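Okay, my turn. Let me put the structure up, and then we'll go through the overall makeup and after that the cavities.

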Amino acid sequence: MEEEIKAEFVKNGFSFDNDEEILQKCLAFCIQYQLSTSDLVSSWDVYSINRGLGFTVQESHMGAFLEELMGQHKEKVRGKQPGLHLYYNDVEMLLNDDNDDMEAPLDTPTEKQALSRDKPADSTPDTNGCKFTLEETLQSVTPFGTRVNKFVLHSTLNENLSTMESVGAPSYTDDDIIKRVQPTPKCSLVIIKSHPQPGCRFMYDRIEDKFNYLEDRIKKRSIAYVSSGHYEEPVDPSVASQKCIFAVGMICCDEEGHLKEKPVLLQSSVEHSGGQRVRLDLQKLNQFSIFPGQVVGVEGHNPSGHCLIASKIIDSIHFPITTTEENSAKIQALDVGPQLTTKASRDMPHMSMIIAAGPFTTSDNLLFEPLTELLSYSLRKQPHVLLLLGPFIDSEHPKLKKGIATQTYDEMFRVEILGRLQDYVEYMGPGVRVILVPSPRDAHHDFVFPQPAFEVHPKDSKDQIHSISNPGVFSANEVKVACCSVDILKQLSSVEISRNPGGSKQRLTNLGKHILSQNSFYPLYPPAEEVPLDFSLAKEALDISSIPDVLVLPSDLAQFVKVICFSCTTSFQEPLECVVSCTQKYNTPSNLDLK
């Protein structure tokens with residue numbers, strides 16, 4: 001089995017510094033935790049990406065990797081046996097003198113033993129009917145309130161630019177509770193894409209819808225290649241030919257499971273090949289990065305008619321520049337008056353935005369302490385836009401899975417989420433904007449992807465709290481922002497195969513670039529098991545018609561912010577740039593200060 005483990009690592013582009021020792025330990029891991037070789041390598045892949053370890057598996061990392069596997073195994077055991085208590089955790093806690101500094105886990109595991117304590121009187125205040133204040137609300141005995149890594153700055157892009165107030169722990173006086181914050185200048189807000197609409201009919205897609213969606217992606221890609229002027233009309237790649245040909249098709253697996261370098265299939269369009277698949281030989285390529293569902297252009301030759309020998313793979317095209325005015329029929333302006341005029345747009349100041357992804361509870365309670373502290377943080381920073389991505393009422397929360405919540409899901413969302421947000425916007429004044437993006441894990445919302453927006457109509461909010469679909473696109477002060485709450489980056493990382501990708505940090509950038517170069521919020525096919533993809537809604541909702549200024553993708557992978565450049569259709573146009581922000585779930589918020 002050691003040879004199978006080694007082959008799986010090599011297939012995913014990894015090498016070893018000590019084959020014998022590492023493979024023996026990996027074999028022990030597989031036996032101990034009942035892992036297949038592909039599961040082990042997938043776990044190592046995510047572990048190495050989050051820690052920037054590169055593509056060399058070193059023996060010194062095996063101990064920490066074992067602890068990671070132990071943690072995953074404990075969560076699986078808890079999920080299978082609700083209420084199970086692992087006593088060796090108590091031993092570790094007794095041996096640790098610094099247990100007061102233990103942090104509350106900000107993720108949502110499958111199950112966790114509920115803490116047998118009542119809600120403390122000085123913990124997160126009830127916002128039902130009371131106004132939001134600057135009072136320090138998290139001085140409670142909960143693990144979240146006593147954590148030690150508050151307001152830690154993880155990374156900064158363009159440190160030389162002046163940003164918002166430096167990160168630090170809040171310090172308020174009694175006057176802060178009374179004193180009103182300075183009014184935030186109102187920014188323009190335009191919803192560019194929010195599809196499907198609330199109340200739509202979903203999960204009635206047919207095989208015909210799936211076929212039309214995939215065929216449309218291939219045909220659009222073919223037209224884009226030809227329109228760029230750099231490529232000729234695609235031909236049928238399954239026809240034997242001694243000369244070099246150009247074909248366009250979708251990367252497919254030969255069988256169910258992970259994509260393997262041998263064999264990889266290319267499925268062309270019905271127009272060019274009747275939808276036939278041909279084996280794709282990648283041996284002559286020095287560098288590539290492919291995944292199932294990716295639509296690419298391939299240059300090569302097929303001497304036998306059974307195998308297309310690729311000499312070049314084209315996975316990106318030249319993008320046209322589209323402006324808001326060109327798509328005016330498809331956008332929804334949420335401001336009226338002179339602020340949306342062209343002159344006013346040019347005179348607008350810079351736009352600041354705070355981004356955070358849920359869930360907004362810790363795994364031990366439903367007090368929504370992270371959300372309350374996030375709003376306190378936003379009060380100090382005073383951004384123009386507060387962008388919150390779900391889940392808000394997490395269906396994976398242990399208390400909700402056990403059915404011990406004291407409110408219905410709708411009541412919890414209305415009181416705990418919208419109630420706090422309404423108090424926030426009333427305190428901040430009419431200039432602030434709050435945008436909510438749902439998640440398939442939201443227990444109170446439609447379980448479908450793409451997902452309609454929440455029906456948010458809070459009283460007295462003066463149209464300051466909005467919701468867009470998942471995925472969705474909006475523009476604030478002429479800054480175009482696209483966002484999607486499905487963890488597409490992690491799903492791509494588990495099925496992608498590559499050769500010479502350029503290191504772990506470059507690989508994270510490549511994952512984000514795949515989304516933009518494929519012009520789709522979810523280019524993966526077949527979709528991951530946990531994603532309820534509805535193909536009847538996907539055609540319009542998942543398409544990225546033009547490059548946004550900012551792309552927000554929450555993920556379990558390590559957080560990063562990268563600037564990705566794309567060339568344009570004509571040589572006299574400047575390259576397009578997009579800021580890709582991977583906001584790590586359950587983590588600290590991201591600040592964007594755009595000028």
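Quick word on terms before I count anything: helices here are DSSP runs of H or I with at least four residues, strands are E runs of at least two, and the numbering goes from the N terminus. Also, keep in mind that this is a predicted model.

So, the overall picture. On that definition, the protein chain has 15 helices and 21 strands. It's 595 residues, and 52% of them count as buried. If you take the contacts with a separation of 6 or more, 75% are between residues 24 or more positions apart. As for the outside, the accessible surface is about 28,000 Å², and carbon and sulfur atoms account for 50% of that.

Now the inside. How many cavities of 30 Å³ or more does the structure hold? Four. The largest one has about 60 Å³ of space in it.

Let's look at what's around that largest cavity. Three elements give two or more residues each to its lining: α1, which is 2-11, α3, which is 37-51, and α13, which is 488-495. Which of them gives the largest share? That's α3, with three residues.

If you want to find the spot on screen, the lining residues include Glu8 and Lys11, then Ser38, Val41 and Ser42, then His258 and Leu259, and also Ser494 and Val495. Asn12, Glu496 and Ile497 are in the lining as well.

And the chemistry of that wall? By class, it's five polar, four nonpolar and three charged residues.

That's me done, happy to rotate it for anyone.

How values were computed:
Residues numbered from 1 in each chain as written. Predicted model: local features only at pLDDT ≥ 70, side-chain atom pairs only at ≥ 80, totals over all residues. Heavy atoms only, no water. 1 Å grid on protein atoms, 1.4 Å probe; cavity = no way out; pocket = protein on both sides within 12 Å on 5 of 7 lines; lining within 4 Å. Points joined across faces, edges and corners; volume = space filled by probe spheres on them. Nonpolar A, V, L, I, M, F, W, Y, C, P; charged D, E, K, R; others polar. Buried < 20%, exposed > 50% of the residue type's maximum accessible area, 1.4 Å probe, protein only. Contact = heavy atoms within 4.5 Å. Areas by Shrake-Rupley, 256 points an atom, 1.4 Å probe, with all protein chains shown as cover.
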